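Please find below my notes on the model you sent, set out as numbered points. They move from the overall fold to the surface and then to single residues.

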Amino acid sequence: MSSEQNPAPEPRPRRLTYAALLAALEGGALVVGGLWVLVLGATGAPDDRQQAVTLGVTLVVLALLPLLAARGLLLRRSWSRGPAVITQLLALPIAYNLLQADSMAIPAGIALAVVAVAALVLLVNGETTRALGIKGPGRAE
């Protein structure tokens with residue numbers, strides 16, 4: 001019998017944890033926004049009730065992408081970086097459009113842009129890449 005044991009896994013890097021938290025924050029915001037639109041569509045007098053319900057359901061379903069990515073990042077699943085990066089890339093044009101509005105949407109656009117850029121920086125960081133076990137091109141085992 002061998003007395004060797006598996007070495008303790010390295011602690012999850014903070015950058016990876018922060019990236020997961022930002023993805024979860026975005027997913028949570030999409031859920032809240034979707035539910036808010038659904039409630040307004042059901043209780044208010046929207047121009048088009050069907051459109052409000054469709055938008056609300058779409059936002060809630062879209063929240064699954066960053067929420068699943070956040071869970072995968074916390075569990076160090078290499079597949080999770082792709083959906084997390086896609087979420088951030090989709091957030092940038094939305095943030096740009098919010099910044100072009102001449103209303104209260106500008107602070108939301110600033111916040112979304114900051115979160116998306118910060119998450120992208122964290123996701124492409126070398127420490128995060130190593131923690132997820134992602135090898136570069138031509139470095140497959």
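1. In what order do the elements of the protein run from the N terminus on? The model, which is a predicted one, reads α-α-α-α-α-α when its elements are followed from the N terminus, and the tally for the protein is accordingly six helices and zero strands.

2. On the chain as a whole, 30% of the 141 residues of the protein count as buried, while the area that the protein exposes comes to about 9,500 Å², with carbon and sulfur atoms supplying 65% of that area. When contacts between residues at least 6 apart in sequence are considered, 66% of them join residues at least 24 apart.

3. The surface carries a nonpolar patch of about 550 Å², made by Val53, Val57, Val61, Leu64, Leu68 and Trp79. Two elements, helix H2 (49–62) and helix H3 (64–74), each give two or more residues to this patch, and the largest share, amounting to three residues, comes from H2.

4. Leucine 64, one of the residues that make the nonpolar patch, lies in helix H3. Is leucine 64 buried, partly exposed or exposed? Its relative accessibility is 48%, and leucine 64 therefore counts as partly exposed, given that the partly exposed class lies between the 20% limit for buried residues and the 50% limit for exposed ones.

5. Arginine 71 is also found in helix H3, but its class is another one: with a relative accessibility of 56%, arginine 71 counts as exposed, because the cut-off for that class is over 50%. How far apart are the C-alpha atoms of arginine 71 and alanine 23? Although these two residues stand 48 residues apart along the chain, their C-alpha atoms are separated by 9.0 Å.

6. Further along the chain, threonine 129 lies in helix H6, which spans residues 126–131. Why does threonine 129 count as buried? Its relative accessible area is 16%, and buried means under 20%, so threonine 129 falls into that class. Which residues is threonine 129 in contact with, once its neighbours within four places in sequence are left aside? They are Arg81, Leu123, Val124 and Ile134.

7. To draw the residue points together, helix H3 holds both leucine 64 and arginine 71, of which leucine 64 is partly exposed and arginine 71 is exposed, whereas threonine 129, in helix H6, is buried.

Definitions and conventions:
Residues numbered from 1 in each chain as written. Predicted model: local features only at pLDDT ≥ 70, side-chain atom pairs only at ≥ 80, totals over all residues. Heavy atoms only, no water. Patch = residues over 30% accessible without salt bridge, like charges linked within 9 Å, V, L, I, M, F, W, Y side chains within 5 Å. Areas by Shrake-Rupley, 256 points an atom, 1.4 Å probe, with all protein chains shown as cover. Salt bridge = Lys/Arg side-chain N within 4 Å of Asp/Glu carboxyl O. Helix = DSSP H or I, 4+ residues; strand = E, 2+ residues; numbered from the N terminus. Buried < 20%, exposed > 50% of the residue type's maximum accessible area, 1.4 Å probe, protein only. Contact = heavy atoms within 4.5 Å.
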